[in-house]
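Biologist: I've got a model open and I'd like to learn how to read it. Can you take me through it feature by feature?

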Amino acid sequence: TIKNLPRLVANPGIQRLQGAFAGRAAVVVGAGPSLNDALPYLAGAAGRCVLISTGTALRPLRRTGIRPDLVVSVDASHLTGKQFETACDDLFLACSSLAYPPILSQFRGLFSGSLAANPISEWLNTFGAPKGTITAAGTVTTSAIDLAIQMGCSTVICVGADLSFKDNGVTHADHSMYHGSRLDPARLIK
């Protein structure tokens with residue numbers, strides 16, 4: 001959060017997004033293995049709905065020529081940097097104050113929010129206009145769904161939010177940072 005401070009202060013908070021897409025449908029894109037089959041359909045949905053990508057789904061989307069309206073990241077781990085090894089300079093990022101610092105400068109625009117579990121980001125909310133709060137609950141997909149609701153989207157459709165693995169043990173979509181990750185199918189429970 002401290003490393004991100006200059007960018008957090010210089011850019012608007014997610015509060016600015018409140019109701020910005022009232023009545024529009026949103027598609028929240030996660031990087032579960034089912035995303036591979038959904039990509040052709042998502043290309044047709046772009047422009048007709050608000051397309052919100054999790055960081056992990058960004059590379060597969062961009063590889064197919066799909067430009068999300070918003071990308072979401074809440075994790076400070078350096079490992080998340082791999083998610084953003086693609087063109088981001090025409091995209092907007094919605095992130096927590098904890099986002100991995102090097103990714104913030106890659107985006108065209110930034111909307112940040114505080115996390116209730118982070119006292120520094122809560123403290124930032126006391127300066128000027130409040131930034132707003134971004135939900136973090138085990139998966140960035142939860143944050144993306146919450147943002148769609150905050151933006152006033154009337155319907156939220158989730159794609160690639162498998163929360164499970166394919167029968168062959170594949171854990172994530174192709175070309176994501178977890179491309180090729182596989183669990184032993186003999187150890188999985190149907």
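Biologist: Let's start small: which residue just after H3 takes a positive phi?

Modeller: That's Gly 65, with a phi of about 85°. A word on the labels: helices (H or I, at least four residues) and strands (E, at least two) are DSSP runs, numbered from the N terminus. This is a predicted model, where local features need pLDDT of at least 70 and side-chain atom pairs count only at pLDDT 80 or more, while totals for chains, interfaces and linings use all residues. Residues are numbered from 1 along each chain as its sequence is written, and side-chain values use heavy atoms, with hydrogens and water left out.

Biologist: And H3 itself, how many of its residues are buried?

Modeller: Buried means under 20% relative accessible area, exposed over 50%, and partly exposed in between (1.4 Å probe, protein chains only). In H3, residues 55–63, 8 of the 9 residues are buried, so the rest of the structure largely encloses this helix. The cover includes strand S1 (25–29), helix H2 (35–45), strand S2 (50–54) and strand S3 (70–73), counting contact as heavy atoms within 4.5 Å.

Biologist: How do I read a core, and which residues have the most contacts inside the largest one?

Modeller: In soluble globular proteins, nonpolar side chains tend to be buried together. A nonpolar core is a set of buried Ala, Val, Leu, Ile, Met, Phe, Trp, Tyr and Cys residues joined through side-chain atoms within 4.5 Å. The largest here has 19 residues, and Ile 52, Leu 70, Val 72, Ile 134 and Met 151 have the most contacts inside it. S1, S2, S3 and helix H6 (140–150) each give two or more residues to this core, with H6 giving the most, 4 residues.

Biologist: What about H6, is it mostly covered or mostly open?

Modeller: Mostly covered, with 8 of its 11 residues buried. After H6 comes Gly 152, which has a positive phi near 90°.

Biologist: Last one: how many aromatic pairs does the structure hold?

Modeller: A pair of aromatic rings is described by the distance of the centres and the angle of the planes. Rings of Phe, Tyr and Trp (its six-membered ring) pair if their centres lie within 6.5 Å; planes under 30 degrees apart count as stacked, over 60 as edge-to-face and the rest as tilted. The structure holds 2 such pairs. Phe 84 and Phe 107 are edge-to-face, because their ring centres are 5.8 Å apart and their planes sit at 75°. Phe 92 and Phe 111 are tilted, at 6.2 Å centre to centre and 40° between the planes.
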